[in-house]
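Colleague: I have a chain open here and could use a walk through it. Can we go over what is packed where?

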Amino acid sequence: MVVSDGGERVKLNVGGEIFETNASTIQSSCPDSLLAALSTPTSHGSNPVFIDRDPEIFAVILNLLRTGRLPANSSGVFSKQELLDEALYYGVESLLRLAMLPPPLLGFDASLVSTIVPAADGVPSALTATAGDASLWIAHGGQISVYDWSLSHAGTVRTHLNDITSICRVWGEAAAIGSGSASGLHFYDLSGGRYVGSTHWTDPEDPRIHKARVAAVADSNGGVFASFDCLHRENSVLQIDKSTLQVAAVIGQQSGNSAKTTVPEKLRWLPTNGLLVGSAVQRGVFGCSGYIRIWDPRSRNIVWETSEPGSGRSTRFGDALADMDVDVEDSILFKVCSKSGDLGMADIRKLGEDPWVYMSDENPGAWKAGDGGGYSVVHCYRKQVLAARGGALEVWSSVKEKTSGDPIRRRNFVDKEDDSKRGMISKIEAGGDRLFVSREFMEGVEVWETSNFSGVISVE
């Protein structure tokens with residue numbers, strides 16, 4: 001190996017094959033790695049350094065050091081795990097991670113890249129991708145399967161529950177889980193497969209508060225929020241201290257004897273506003289009915305609410321909400337209407353009696369496909385609103401209008417017609433620029449990504 005000033009060439013003998021590159025290529029890309037140490041002038045004198053590893057994979061690693069990208073054909077020749085193992089050996093795992101992670105997610109230009117199927121009980125009952133590092137946790141039956149940033153299976157934890165219907169990452173590798181058939185909110189450390197503890201909603205003075213099950217969970221810096229539902233339909237939202245797992249506050253207790261007082265099925269925390277948003281929807285032969293409610297946990301009071309029983313004098317007669325979500329970055333509340341499929345938006349900072357502005361677009365959406373029923377799921381991610389109707393998936397994106405430059409919302413299909421025939425979409429999650437989709441009664445979770453070769457489009 002000949003090295004002088006960092007700009008001279010380095011020779012490496014990997015598995016009997018000689019590779020030659022500039023010392024600066026290695027030292028600038030990964031200065032603290034094994035390869036950088038081997039490329040110093042004092043390493044092995046004038047003889048090429050011998051490394052007893054696979055030369056074909058090293059060629060991929062060297063290309064990564066030179067360009068910061070993987071060769072286009074590398075994924076078809078070597079498995080993801082093979083590349084990870086070699087990158088870990090050479091000390092360039094962080095560089096490989098940057099190259100393997102998907103580009104920014106653009107819903108209108110995403111495609112299905114893989115389907116993750118847990119080994120047992122493969123139909124997912126809940127999932128979360130909130131870590132933001134492109135990792136995924138899948139609850140299936142009473143188990144939780146963990147997939148890391150590369151979507152490699154990192155392990156499966158068997159819990160004491162028979163079924164898990166809600167899951168939320170609450171700190172590090174800890175999950176808060178709830179079940180539709182067992183009471184309490186339960187905490188597990190998934191890194192060690194260890195049960196941490198449980199929180200139950202009880203009231204010695206009220207016998208109706210008994211065996212309360214969890215319907216939804218949301219995390220915040222100040223604690224965990226979980227909606228509990230008793231056998232007698234009495235329900236509330238509890239704020240739980242993360243350090244003690246004790247109930248810190250009971251918020252919004254209600255009787256549950258009507259659509260306007262059923263347990264919240266979805267909870268969203270708004271850190272910039274310090275508010276908690278909850279919603280519930282009941283579906284029947286005559287359509288949907290439900291509510292959206294916003295609480296201030298500090299005062300435990302309701303600051304705004306709306307209920308849509310599917311009737312009234314408005315122009316949206318009989319077209320109640322089917323689902324809602326929140327754009328946390330911009331503090332915008334979104335809902336989709338159950339019959340028309342129209343998307344309504346409301347600025348949380350300017351809520352009133354009727355704050356909804358309904359989006360329109362000449363581009364036909366999924367609701368025009370004629371497959372019956374309304375939207376089932378809506379999910380916000382980085383100024384994009386993803387909405388599923390039946391098996392079809394569409395996205396509303398914030399883009400700049402060509403002439404004025406003002407931001408507008410445009411609607412596009414995410415999937416192709418054949419994709420929509422795979423089954424009813426039941427859950428949508430997004431994180432780390434990956435979109436995760438599960439379908440009713442179908443095994444596995446679909447992974448959607450934007451291609452590295454997609455055109456660059458300005459998204460506000």
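**Cores, a helix and a sheet**

Modeller: Start with Y90, and keep in mind that this is a predicted model. Leaving out residues up to four places away in sequence, Y90 touches V14, S33, L34, L35, I51, R53, F58 and I61.

Colleague: And which residues touch the most other members of the largest nonpolar core?

Modeller: Y90 is one of them, along with L12, L35, F58, L65 and V92. That core has 30 residues.

Colleague: Which elements give two or more residues to this core?

Modeller: Two strands, β1 (9–14) and β3 (49–51), and the helices α1, α2 (34–38), α3, α5 and α6.

Colleague: Which one gives the most?

Modeller: Helix α3, with seven residues. There is also a second, separate core of 18 residues, and V170, A174, F187 and L238 are among its members.

Colleague: Back to α6. Which of its residues are buried?

Modeller: Helix α6 covers residues 93–100, and its buried residues are L95, L96, A99 and M100. Seen down the axis of α6, these fall within an arc of 130°, so they line one face of the helix.

Colleague: What is exposed on the other side of α6?

Modeller: S94 and L98 are exposed there.

Colleague: And what do the buried residues of α6 pack against?

Modeller: Three helices, α1 (23–29), α3 (55–67) and α5 (80–90), plus the strand β30 (434–439).

Colleague: Changing topic. How many helices and strands does the chain have?

Modeller: Seven helices and 31 strands.

Colleague: Then pick a sheet. What is the order of the strands in the open sheet of four?

Modeller: The order is β17-β18-β19-β20, with antiparallel pairing. The edge strands are β17 (266–270) and β20 (301–308), each of which pairs on one side only. On average, neighbouring strands in this sheet are turned by 15° against each other, direction ignored.

Colleague: What holds strands of a sheet together as pairs?

Modeller: Strands pair through backbone hydrogen bonds, in either a parallel or an antiparallel way.

Colleague: How many bridges are there between β17 and β18?

Modeller: Five, and the two strands pair in the antiparallel sense, with β18 taking in residues 275–284. To find this on screen, look for W269, which stands opposite L276 in β18. L267 has G278 of β18 as its bridge partner.

Colleague: What links those two strands, and which residue in the turn has a positive phi?

Modeller: β17 and β18 form a hairpin with four residues between them. G274 is the residue in the turn with a positive phi, about 65°.

Colleague: And how many bridges join β18 to β19?

Modeller: Nine, again running antiparallel, with β19 spanning residues 287–296. In this pair, V281 stands opposite G290 in β19.

Colleague: Is β18 mostly covered or mostly open?

Modeller: Mostly covered, as seven of its 10 residues are buried.

Colleague: What share of the chain's residues is buried overall?

Modeller: Buried residues make up 51% of the 460 in the chain. The accessible surface comes to about 21,300 Å², and 49% of that belongs to carbon and sulfur atoms.

Colleague: Last one. What share of the contacts with a separation of 6 or more is between residues 24 or more positions apart?

Modeller: Such residues account for 48% of those contacts.

Definitions and conventions
Residues numbered from 1 in each chain as written. Predicted model: local features only at pLDDT ≥ 70, side-chain atom pairs only at ≥ 80, totals over all residues. Heavy atoms only, no water. Pairing = 2+ DSSP bridges. Axes fitted to C-alpha atoms, helices over the stretch in contact; angles between N-to-C directions. Buried < 20%, exposed > 50% of the residue type's maximum accessible area, 1.4 Å probe, protein only. Arc of directions from axis to C-beta. Contact = heavy atoms within 4.5 Å. Core = buried A, V, L, I, M, F, W, Y, C linked by side-chain atoms within 4.5 Å. Areas by Shrake-Rupley, 256 points an atom, 1.4 Å probe, with all protein chains shown as cover.
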